Amino acid sequence: MAEDSNVGMRAITLGAAGGPKWWGRNDVDAGISTAIIVDGRVYLVDLGSGASRQLARAGYGYSDVEAVFITHMHSDHTVDLASMLLFGYSDVGPRQVPVIGPAARGKLPPLTEFANSQPNTVRADEPTPGIAETLKRLEGAYSTDINDRMFDYGSPSPLESFAVTDIALPATVPFDANNNVAPEMEPFVVFEDPRVRVSAILVDHHPTAPAFAFRFDSRYGSIVISGDTGYCENTIRIAEGSDLLFHEAIDLQVMEVRMRHYPDPKRREAIMSHHRRAHTTAEDAGRVAQSAGAKALVLHHLVPADTPLANWQQASNTFDGLVHIAEDLAVFEV
Ligand SMILES: [Zn+2]
Ligand SMILES: [Zn+2]
């Protein structure tokens with residue numbers, strides 16, 4: 001860490017594991033979450049399993065957080081939202097922390113060709129909420145606790161501590177949640193304060209949509225977080241000339257072996273088809289970094305998280321710059 005942690009720009013990998021599961025592995029244990037620190041103030045990207053506890057371990061709390069960004073609505077990126085809301089609000093103080101993330105998907109994804117039957121839709125009235133509706137529902141789910149505290153000792157409702165915004169796409173972007181999830185577009189600004197400007201671009205995590213990559217520009221340099229995505233030209237666009245590109249990575253060979261025990265071969269093929277389409281191999285992440293002219297690449301959202309390190313190093317076959325493999329609570333200076 002820098003000598004004076006209140007000056008400069010750095011990223012801390014609060015969690016580097018991808019996918020909806022716990023790992024219990026020492027170096028890659030917590031779910032995906034990255035803290036970007038600019039002049040001592042914290043900007044969080046995604047809140048995977050244990051993210052807020054990891055934030056505390058890194059020496060920060062919600063009193064230090066200026067804004068929270070969610071790349072997409074998958075649970076491995078959002079499961080700690082409840083923890084932020086219910087345990088974090090009292091640290092926020094007399095202000096509101098912006099929480100910025102995807103708007104509602106708006107329609108159900110197409111049914112996989114591997115399906116044997118039509119599933120029963122959960123919450124058929126509004127089955128694909130975005131970030132704002134999700135936080136409202138979390139508040140509702142915990143209403144016994146929240147009402148107890150409000151009536152018993154005057155706590156505010158936790159949601160009052162957060163200003164939640166669904167990201168509105170520029171009107172010219174021909175986005176369609178089922179047929180055009182990552183059209184060619186320019187990054188657009190979703191947040192700005194005196195320290196940092198944050199821009200977003202759609203990436204290809206079909207059928208999860210909208211899914212965003214985020215770029216943080218400060219006077220010290222730039223950090224890009226790919227979010228979950230297959231190889232995508234938009235990621236190259238937003239990462240152009242960046243100092244640090246955090247890109248997700250999957251090891252398809254290891255996943256293939258892991259899935260052999262799945263009894264239903266059609267389900268197995270459906271899952272592998274998703275992994276091939278919606279995630280990026282280490283070599284392809286290297287290609288993205290190379291095409292973008294990024295100075296350094298950090299692979300994170302490692303799937304599976306216990307893949308041998310040497311497999312991830314294959315990103316060096318396609319990228320001339322420095323390749324890092326994220327571990328929990330690693331610090332990367334810009
Ligand atoms: Zn994920
Ligand atoms: Zn995802």
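**Figure 1. Pro304 lies in the loop between strand E12 (296-303) and helix H10 (309-312).** The peptide bond that runs from Val303 to Pro304 is cis, with omega near -10 degrees. Helices and strands are DSSP runs, numbered from the N terminus, where a helix (H or I) has at least four residues and a strand (E) at least two. The model shown is predicted, so local features need pLDDT of at least 70 and side-chain atom pairs count only at pLDDT 80 or more, while totals for chains, interfaces and linings use all residues. Residues are numbered from 1 along each chain as its sequence is written, chains are lettered from A and ligands numbered from 1 in the order in which they are written, and side-chain values use heavy atoms, with hydrogens and water left out.

**Figure 2. A cis peptide bond joins His206 and Pro207.** Omega of this bond is about 10 degrees, and Pro207 is found in the loop between E8 and E9.

**Figure 3. The zinc ion (ligand 1) is held by donors from Asp76, His77, Asp228 and His301.** The coordinating atoms are OD of Asp76, NE2 of His77, OD of Asp228 and NE2 of His301, at 2.1 to 2.2 Å. A donor here is an N, O or S atom within 2.8 Å of the metal (3.2 Å for Na, K and Ca), and because water is not among the atoms, sites may look incomplete. The four donor atoms around the zinc ion (ligand 1) subtend angles of 89 to 169 degrees, which makes the arrangement irregular. Four donors count as tetrahedral if all angles lie between 85 and 135 degrees, four count as square planar and six as octahedral if opposite donors are over 155 degrees apart and all others between 65 and 115, and anything else is irregular. Along the sequence, the donor residues of the zinc ion (ligand 1) have the spacing D-H-x150-D-x72-H. Both Asp76 and His77 are buried, a word that stands for under 20% relative accessible area, with exposed meaning over 50% and partly exposed what lies in between (1.4 Å probe, protein chains only).

**Figure 4. Asp228 bridges the zinc ion (ligand 2) and the zinc ion (ligand 1).** The two zinc ions lie 3.3 Å apart. For the zinc ion (ligand 2), the protein donors are His72 (NE2), His74 (ND1), His205 (NE2) and Asp228 (OD), lying 2.1 to 2.4 Å from it. This site, too, has four donor atoms, and with angles of 92 to 162 degrees among them the site of the zinc ion (ligand 2) is irregular. The donors follow the spacing H-x1-H-x130-H-x22-D along the chain. His72 lies in the loop between strand E4 (65-69) and helix H2 (75-78), and His205 in the loop between E8 and strand E9 (212-218), so the pair ties together parts that are 133 residues apart in sequence. Both His72 and His205 are buried.

**Figure 5. Helix H4 (residues 131-141) has Ile131, Thr134, Leu135 and Leu138 buried.** Seen down the axis of H4, these buried residues fall within an arc of 95 degrees, so they line one face of the helix; the arc is that of the directions from the helix axis to the C-beta atoms. An α-helix has 3.6 residues a turn, so residues three or four places apart point the same way. The cover over the buried residues of H4 includes helix H3 (81-92), strand E5 (97-101) and strand E6 (162-166).

**Figure 6. Ser199 is found in strand E8 (residues 197-202).** With a relative accessible area of 7%, Ser199 is buried. Leaving aside residues up to four places away in sequence, Ser199 touches Pro187, Phe188, Val189, Val190, Ala213, Phe214, Arg215 and Ile238, where a contact means heavy atoms within 4.5 Å.

**Figure 7. Asp39 and Arg123 each have a positive phi.** Phi of Asp39, a residue other than glycine, is near 50 degrees, and Asp39 has its place in the loop between strand E2 (33-38) and strand E3 (41-45). Asp39 is buried, with a relative accessible area of 18%. Phi of Arg123, likewise a residue other than glycine, is near 50 degrees, and Arg123 sits in the loop between E5 and H4. At 41% relative accessibility, Arg123 counts as partly exposed.
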